[in-house]
Amino acid sequence: MLCPFCLADDQFTLEEGYFCPGCNEQVPAMYVRGYDRYPPLVVSAVGLRGHGKTVYFASLFYVLKESSLPALWQPDFFALSLSDRDLETVHNNARMLKDGKLPGSTPMNFPRPTMLRVAGIPMWQEQRNCTLVFYDTSGEAFERASELVKYARFAQKAEMVMLLISLPDMQDPPHEMRTLLNTYVIGIEDLGGNTRGQDLMVVYTKADEIVDHLSAPPWSDARTYLANGSVSSLANVRGYQHRMYEISNLLYDFTRQELGADEFMNSAQMNFRRVGFSIVSALGSAPENGQMPVEVNPLRVLDPTIWMIAMAPSLSRRRLQWMEHLDWMSFAFLGGTVYGTVGGILGGLMGGQQGAEIWALALGVFFGLVGGFSGGQIAKNWKVLFKPRQWTLAQGAVLPGSAGIGSVIGGIVGFLVVLLAKG
Amino acid sequence: MIAEVSAWQQLYASVEREQSPHDREGFQTLFYSKSGLTESEVREMEARLVYFPSGIEAVKHLFSTLSTGKIMVAQIVRLTEPDRLGRRGRYLAHSLVFEPETFKRIESDPFLVFRQFRFITTVSAALGAGDWRTGDVPPASVEVTQAPTYGIETAKTWPLQGLKDLALLALRADRLASGRLAVAFIGEPTQVESALEAAFFAVPSAIRPHCSFDTYFHGCNLVDTYYWALGLLKSPSNRRLITVNTQSQRLDGVAASQPETAYERWAMALIERQQLETISRYRDHAFTICEWLEGRTRPDSLIDTTPSEVADSIFEVNHRLVPELLRRELEKALPAVLTSRVSQYLGSHAKPTDLFDRLREGFSLPKLTETLYLAYESQGARAPRHEEIQAIDWLLQRVDHASLRLLYACWTGQRDELYRELQLLNKDEYYKFVQTALRSRIVEPWTLPVPGRGDTFLDLYLATGGPGEYELAALVRALLRARETSCLSRLTPYVKMQPEQELRALEEIVAGQPETPGPFQRAVGDAVAALPPRRKGFVSRLLDL
């Protein structure tokens, strides 16, 4: 299990609570007990000072806890903090934004995570539940690779890294984006990691301040997307995702054509598994002197998180694991059907006109079973050869089940064939 | 007493670009003393300079030892002005870094620094302190007034049990650190600092650098920056943290621990007796002695200046450790088989304070040899085991000790050597040795007479009861060999008590030594004459043998 505090993979010891043997921290019981059902996803925000990492997280907490999401995603959605401290952090951040205040600057430190269990997201079954583990450190930590190694080593554990870019705060976006990305790649390599195993999500923050750049076609679509980006638009998640990917493609073009950040893009595509884009406004409008003049209205802040959950290999793999069983189950079923049919015909022929139905059923079922088992076994062996894995008892039970269903259907088909021949 | 020491400085804050000597905004080291601090040390310090605001206006105090061994004492204050983005949460840290030896000159006491040094608290003062061109800031001169009473007043505000618990936790800081266990002091930073000062009270200078602390750890991460003690506003969720409630002045949910080391026993005993001033004055002395008692350090100058009453108080609560120390010290000078004999002797014949003096002075081989001889003498000079006799041979090759050499000759049956050595003794030495030898019967009496000591020998010999059966002839021969013929007359009364065989032998001796005193000759002649006639023949002669 991943220790959320020291990031070591370890088995926690149980003694009046769960403790990490590496760092001695007490790990929330909910985290440990729900580890399989709610697997952790490290949410790693990378960005320069003042580009909105802390505010983005605060806004995310606000949306998850204060918005109408539970009403939209009925009946299952909820977000639970895993410890008193998490509860306090989420609550304080959400309340701060609600009161129109902004969080302070984050000091340079290796942060304690904030953990939030999110369940019932209307996506694939295996993507519905997870534990989001948020780490927030200062932008100064991303100015040098050595600082990243010291203060942001959590990024190595992230399946998708969110690169938060505030264009209004950049003098020379192509240069600064390239430098930031370069620093990140060096830092992860120095940590012994590999960015090619990570997805990169470029998140344009403070989007409310760049809408003027998006007013002309073809970028105006992004402006419309942002403007319509309140939480209520998330009612249909599948459709939402589709639109999100469209905007990502648009922002890809925006980054190349409008910003001229070609080297950044080339580097990103070479060094990361996949690259996506999103545009968010954590507050909905710009603050004045650290205070919000109007009520906070987060726009599209869930996009990076939805993207991360949808793309996270650790969650998708669970879906694929289930899908992988389809092949041998199909083999077993088809084998049962084909052989059962042959058996049924043979039974009819052997019985002639006398008791053909009985023979057809008996032989159909028998041959169907043989065929089903053989087909399943062939598929299984084929899988084992190419992808060694231990078979579980459940998988073993499904095999005769599939074969049996196939054989019964085969028997019935044979019986019908005989009846047809008789008729 | 006023002490003035030098400390390197580091100034760290969140500033705007135009305020930065490095032309960048955000958290950064503005200046540091380049004469004493390396860049990697500065990076290490930066990782500790973390401050999260809370509802209180806390001033954070930090005490830590860097990986290079230098001591860091720092203060962090919150800056009220927001940054250009309107964000709060800025702060300014001013750190002093001491060489360990320099810090010892102020008793390794960070509270003296916190109380008496004027840390920089504003960005403008910080920016004015250093050189913008080089980023350098000169070392600071830290002048502190020391008094033995410092810390006592704070310690007195704690109940005895609470103070003992705090002291034990501080004394075990090193062990806690090895298990990454920490002590959480719950309260506001000023309360935490007061409790920490009480905890430091009984801690000697040598251990203090292990007792790193952060008086306001709010929001910080122990995984990244370990401290022995953390000041927290409320109880932590981690049950492995030992919790000290600064308001109720007791440990929460932890059973009181027992002292385990010599120093812990001493400190606990003195706290119990409320002798806080003795602890304050002599904790370093006591710690040195205790470490020496437990074999961890060599004695140093502090031991020589330890008052005997302090030494007494240490030995009183650690009496079992003294023989072990004695044995260890003896093993450095003597073979192991001799060590236990000497340590047993010293253990039973010397007072603890005398032993302490002897241990403090150190053992010389000649003194140890004398002690070893006394040990044998006190045990009747009985012959020890073979290995021990071999070890004495080793010892006598290095140290000359006449009496032990004689004992060695007795135990190994080297009569010629014994005779030669006995001749070298003066009268008193001869008397003393022969007395021991005769009393303990470690050697035949007739091996002891030497020229010029016939009467002395006979004084002692006759006092033990005179010659037994079959001893007189051999004795007479020995006295004659030593040319102590004149003393034979003192044996005259014993002649007639001798058996026939002995008388015949005496008859032969006297016949061959005409200078034998007349009375002795006559006594032998009379006694022989009174014997029945000798049997004739070969068989009879055989029977007479």
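Two residues are in contact here when heavy atoms of one lie within 4.5 Å of heavy atoms of the other. With that in hand, welcome to a set of close-ups of a predicted model.

**Figure 1. Chain B meets chain A.** By the contact rule, 36 residues of chain B touch 36 residues of chain A. Together the two chains bury about 3000 Å², and 42% of this is on carbon and sulfur atoms. Three residues of chain B deserve a look here: B:Arg87, B:Val223 and B:Arg240 supply 21% of the area that chain B buries against chain A, more than any other three residues. If you wonder why a view of an interface comes with an area, its size is often given as the accessible area lost when the parts come together.

**Figure 2. Polar and charged pairs across the interface.** Between chain B and chain A there are 17 residue pairs in polar contact, both partners being at pLDDT 80 or more. On the side of chain B that touches chain A, the elements giving two or more residues are β1, β2 and α1 (39-48) of chain B. Helix α1(B) provides the largest share of that side, with 4 residues. Salt bridges between chain B and chain A number 8. One of these joins the side chains of A:Glu15 and B:Arg240, with N and O 3.0 Å apart.

**Figure 3. A salt bridge from loop to loop between chains.** Here A:Glu143 pairs with B:Arg24, and their closest N and O atoms are 3.0 Å apart. The pair crosses between chains: A:Glu143 belongs to the loop between β7 (130-135) and α5 (145-151) of chain A, and B:Arg24 to the loop between β1 (2-15) and β2 (26-32) of chain B. Are these two residues buried or partly exposed? A:Glu143 is partly exposed, at 30% relative accessible area, and B:Arg24 also counts as partly exposed, at 25%.

**Figure 4. A network of salt bridges with members in both chains.** Chain A brings A:Arg49, A:Glu140, A:Asp169 and A:Lys206 to this network, while chain B brings B:Glu25, B:Asp83, B:Arg84 and B:Arg87. You have met B:Arg87 already, as one of the three residues that lead the area chain B buries against chain A.

**Figure 5. A buried salt bridge within chain A.** Over all chains the count of salt bridges comes to 53, and this view picks out the one between the side chains of A:Glu25 and A:Arg112, at 3.3 Å from N to O. A:Glu25 sits in the loop between β2 (18-19) and β3 (26-27) of chain A and A:Arg112 in the loop between α4 (84-98) and β6 (114-119), so the pair ties together parts that are 87 residues apart in sequence. A:Glu25 is buried, at 5% relative accessible area. A:Arg112 counts as buried too, at 18%, since the cut-off for buried is under 20%.

**Figure 6. A salt bridge between a loop and a strand of chain A.** A:Arg273 and A:Asp199 come together with their closest N and O atoms 3.0 Å apart. A:Arg273 is in the loop between α9 (262-271) and β10 (274-279) of chain A and A:Asp199 is in strand β9 (residues 199-204), so the pair ties together parts that are 74 residues apart in sequence. A:Arg273 is partly exposed, with a relative accessible area of 35%, whereas A:Asp199 is buried, at 3%.

**Figure 7. The buried side of helix α7(A).** In this helix, residues 220-227 of chain A, the buried residues include A:Ala222, A:Tyr225 and A:Leu226. They span an arc of only 95° around the axis, which puts them on the same side of α7(A). The fit with helix geometry is easy to follow: an α-helix has 3.6 residues a turn, so residues three or four places apart point the same way. Among the elements covering the buried residues of α7(A) are α8 (237-258), β10 and α10 (303-311) of chain A.

**Figure 8. Alternating side chains along strand β5(A).** In this strand, residues 78-81 of chain A, A:Ala79 and A:Ser81 point to one face and are buried, while A:Phe78 and A:Leu80 point to the other and are not. β5(A) pairs with β6(A) in the antiparallel sense over 4 bridges, and A:Ser81 stands opposite A:Leu116 in β6(A).

**Figure 9. Helix α9(B), largely enclosed.** Of the 11 residues of this helix (residues 262-272 of chain B), 9 are buried, so it is largely enclosed by the rest of the structure. Among the buried ones are B:Tyr263, B:Glu264, B:Trp266 and B:Met268. Their cover includes α6 (160-171), α7 (173-178), α10 (276-293), α12 (308-317) and α13 (321-331) of chain B. Just after α9(B), B:Gln274 takes a positive phi of about 60°.

Methods. Residues numbered from 1 in each chain as written. Chains lettered and ligands numbered in written order. Predicted model: local features only at pLDDT ≥ 70, side-chain atom pairs only at ≥ 80, totals over all residues. Heavy atoms only, no water. Salt bridge = Lys/Arg side-chain N within 4 Å of Asp/Glu carboxyl O. Buried < 20%, exposed > 50% of the residue type's maximum accessible area, 1.4 Å probe, protein only. Arc of directions from axis to C-beta. Pairing = 2+ DSSP bridges. Buried area = accessible area lost by both parts, 1.4 Å probe. Polar contact = N/O pair within 3.5 Å; in protein donor to acceptor, adjacent residues only side chain to side chain.
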